[in-house]
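The exercises below ask you to read strands, helices and side-chain surroundings from a model. Please work through each task with the structure open before turning to its solution.

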Amino acid sequence: MPSFVTSASAGRGVSRVNSFSRNWGDEEEQVPSSTPIEWSPSPPRIKHKLPFSAPKPPVRTFVRNPAPDDGLTPQERRRRAIIEAMSPNPPPATSSAPSRSTKPSTSTLLPSSRINFPPKAPLSAAAAETQALPELPTLDIKKRLKPWEEDFSSAKKVMEAGGLSRTDSSSSVGTVRKKSKPSVPTVNIRNRLVLSTEQQEVLKMVVDQGRNIFFTGSAGAGKSVLLREIIKSLHIKYAKSTDAVAVTASTGIAACNIGGVTLHSFGGMGLATEGPAALATKVKRNKKAAARWARTKALIIDEISMVDADLFDKFNKVGQIMRKKPGVPFGGMQLICTGDFFQLPPVTKNGEPRFCFEAATWSDAIHKQVNLSKVFRQKDERFVNMLNEMRFGRLTPESIETFRKLDRPIPCPDGIVPTELFPRREDVDRSNMTRIQSLPTDRHTYPAQDGGVIQDKNQREKMLSNFMAPPSLELRVGAQVMLIKNIDETLVNGSMGRVLGFCPKIAFVTDANGRWRENGVEDDMNGEGHDKEQMAKLVSKYRLQAVSAPKFPVVRFSTPGGFRDMFVEYDQFKTELPNGEVQVSRSQLPLILAWAMSIHKAQGQTLERVKVDLSKVFEKGQAYVALSRATSLDGLQVKGFRPDKVMAHRKVAVWSRNLDNVNV
């Protein structure tokens, strides 16, 4: 932008005209290089009623400095200056360039809002119509911190101070926020969680005592919450070594939920079909995998129930070989395992599954086996007892009769219907596509952007399929969706909602209650007390910007306090090794269609309304996983109930009798 410096030759013009020079460069000292230009008297100024009192600038004669030698024409320099002025984030002014004008910003035209529209460019009427608007800023996907990387100090201050004004999930130029009660402060949900006494005891045994431990519990007992606290505490304990803690899981979905990798990816042994000696040789040839085995001090395995006994023994032996500590379980690594053997068993091609606790080295590797008894998901004591009976395969006649009475429709006053759980993914896809295609609204498709270091197509596709985020997401107004990311204390992984509409980010405006106002920006600009002509120009400019910007969904989520609207943008999902190497990543909206879900992907989720047809269940543990997703009997619909469908594995029931309580 040009700057202006008063010249020494003043008083030469008429109508109080002084002389000043225009500087198109960055030099601090400016020397006039041309003669003053005589100007005729300016025509009388047309008075406009503006909501502020602007000082009248003096009419002056000026002297042009020569244009800087930057290779640009005067028209190109002028265009660049206009685009910088109209940019939502203009570059900061340098100390060597004085301000061009003292005229207030156009944002002062709207004292009741926070819309910061770009200042009016000094163009003629014809040029203003043909002048192209600058491109909107590209989407900035912020890195989401893992549980152990998050800093809750600022959130804690907010909580102690009673909260501040609500911050929406989106913020940009053109977004209007009115000061309101601090009803929804954005505090991560883990900041408010308080571990129970038995969870604190397990955390102490792992972090302070360094014991190898396996902890389990019924569905909703807080195993995932405790595991996140263990991961966070161990990373603090080994803060000097970034890859001292290996976070793994038996399945890709479970690994994504805890920000880790699969056990096979960590081991670097492929499918691990060979013997321990051959597997160790394979690992030694992989420098990165060998380094992980040597540097890892604590190995965490989630969903250990889906790891079979043979694989557990192989990992134990490979650890001894790689770390050169024969006879020491896992070569001296601390082992932390969790899961529920009453849920989905290990995948076997034929015959009965061999559970991990049947491994020859299980008793040597695990020092303590703990059962968490307190249930957090279900508050109804009757429902908790029924699920415990189902877990151990001993249903009473009263529980059987209660389950049979659950074959009835569930009221849905907010329009969010029960999520139907299927054992097969084909049934899930068919149900969701039938529902969304029946909506008489326009379709909006959002393709995913994938990345990562893995180039093998088959391996890459298999790992990407573990993400809950789909490769392509189709949405329409009225679609039922589920959030698959933790946003704050009220919008969490598993929150259910419906799509209200689609709009660009600049047009997303909410009221004091967090509800989306579809025409909120224009309503604020056209409010009383503003100059109509000026407002019409601003509205026209806003509409041009809104038309060229991409549109994203606005979803109304059901929250404990009622409803909350959220502008949903792209987020990032990734599989990352302990050393920070991203194997695969996917940028996609953190949403999935939620009329139906697979039982496998629902494992670990909490759903307010659930519908299950037990006649389609074919594996032991599936019925227990599906029914235990519900938070209450009122939100559970069961069709085709049969007691034999909820039976547990007998050897799991026998083994579970030897589990310890934390106070032992």
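The conventions come first, followed by five exercises with their solutions.

This is a predicted model, in which local features need pLDDT of at least 70 and side-chain atom pairs count only at pLDDT 80 or more, while totals for chains, interfaces and linings use all residues. Residues are numbered from 1 along each chain as its sequence is written, and side-chain values use heavy atoms, with hydrogens and water left out.

**Exercise 1. The chain as a whole**

Describe the secondary structure of the chain, its buried share and the sequence range of its contacts.

Step 1. The chain holds 20 helices and 23 strands, where helices (H or I, at least four residues) and strands (E, at least two) are DSSP runs numbered from the N terminus.

Step 2. Of its 664 residues, 50% count as buried; buried means under 20% relative accessible area, exposed over 50%, and partly exposed in between, with a 1.4 Å probe and protein chains only.

Step 3. Taking the contacts between residues at least 6 apart in sequence, 75% join residues at least 24 apart, contact being defined as heavy atoms within 4.5 Å.

**Exercise 2. A sheet of three strands**

Work out the strand order of the open sheet that contains β12, and describe how its strands pair.

Step 1. The order is β12-β19-β18, with antiparallel pairing; two strands pair if DSSP finds at least two bridges between them.

Step 2. Because β12 (449–451) and β18 (571–576) each have a single partner strand, they stand at the edges, and one side of each is left without a neighbour in the sheet. Neighbouring strands are turned by 10° against each other on average, direction ignored; axes here are lines fitted to C-alpha atoms, for helices over the stretch in contact, and angles run from 0 to 180 degrees between N-to-C directions.

Step 3. Between β12 and β19 (residues 582–588) there are three bridges, and here Q449 has S587 as its bridge partner, while G451 stands opposite S585.

Step 4. Between β18 and β19 there are six bridges, with S587 also serving as the bridge partner of Q572. These two strands form a hairpin with five residues between them, and G580 in the turn has a positive phi of about 95°.

Step 5. As for the surroundings, six of the seven residues of β19 are buried, and helix α15 (residues 457–464) lies across β12, β18 and β19, running at about 55° to β19.

**Exercise 3. Two helices in contact**

Determine how α12 and α13 cross, and which residues meet between them.

Step 1. Two packed helices are described by the angle between their axes and the distance between the axes.

Step 2. The axes of α12 (residues 381–392) and α13 (residues 397–404) come within 10 Å and cross at roughly 110°. That makes α12 roughly perpendicular to α13, since angles under 35 degrees count as roughly parallel, over 145 as roughly antiparallel, 65 to 115 as roughly perpendicular and the rest as oblique.

Step 3. From α12, R382, M386, E389 and M390 meet S399, T402 and F403 of α13. The contact residues divide into three nonpolar, two polar and two charged; Ala, Val, Leu, Ile, Met, Phe, Trp, Tyr, Cys and Pro count as nonpolar, Asp, Glu, Lys and Arg as charged, and the others, Gly among them, as polar.

**Exercise 4. Two residues of β8**

Is Q334 buried or exposed, and which residues does L335 contact?

Step 1. Q334 lies in strand β8 (residues 334–338) and, at 6% relative accessibility, counts as buried.

Step 2. A polar atom of the Q334 side chain lies 3.1 Å from the backbone oxygen of R211. Beyond four places in sequence, Q334 touches residues including V206, N212, Y238 and K297.

Step 3. L335, also in β8, counts as buried at 0% relative accessibility. Leaving aside neighbours within four places in sequence, L335 is in contact with R211, N212, I213, L299, I301, F312, F330, A365 and I366; the C-alpha atoms of L335 and A365 are separated by 7.5 Å, although the two residues are 30 apart along the chain.

**Exercise 5. The partners of β14**

Which residues stand opposite V481 in β15 and in β20?

Step 1. β14 (residues 480–483) points Q480 and M482 one way and V481 and L483 the other way, and all are buried.

Step 2. Three bridges join β14 to β15 (residues 496–504), running antiparallel, and V481 stands opposite G497 there.

Step 3. Three bridges also join β14 to β20 (residues 591–593), again antiparallel, where L593 is the bridge partner of V481.

Terms used. A polar contact is a pair of N or O atoms within 3.5 Å; within protein, one must be able to donate a hydrogen and the other to accept it, and residues adjacent in sequence count only if both atoms are side-chain atoms.
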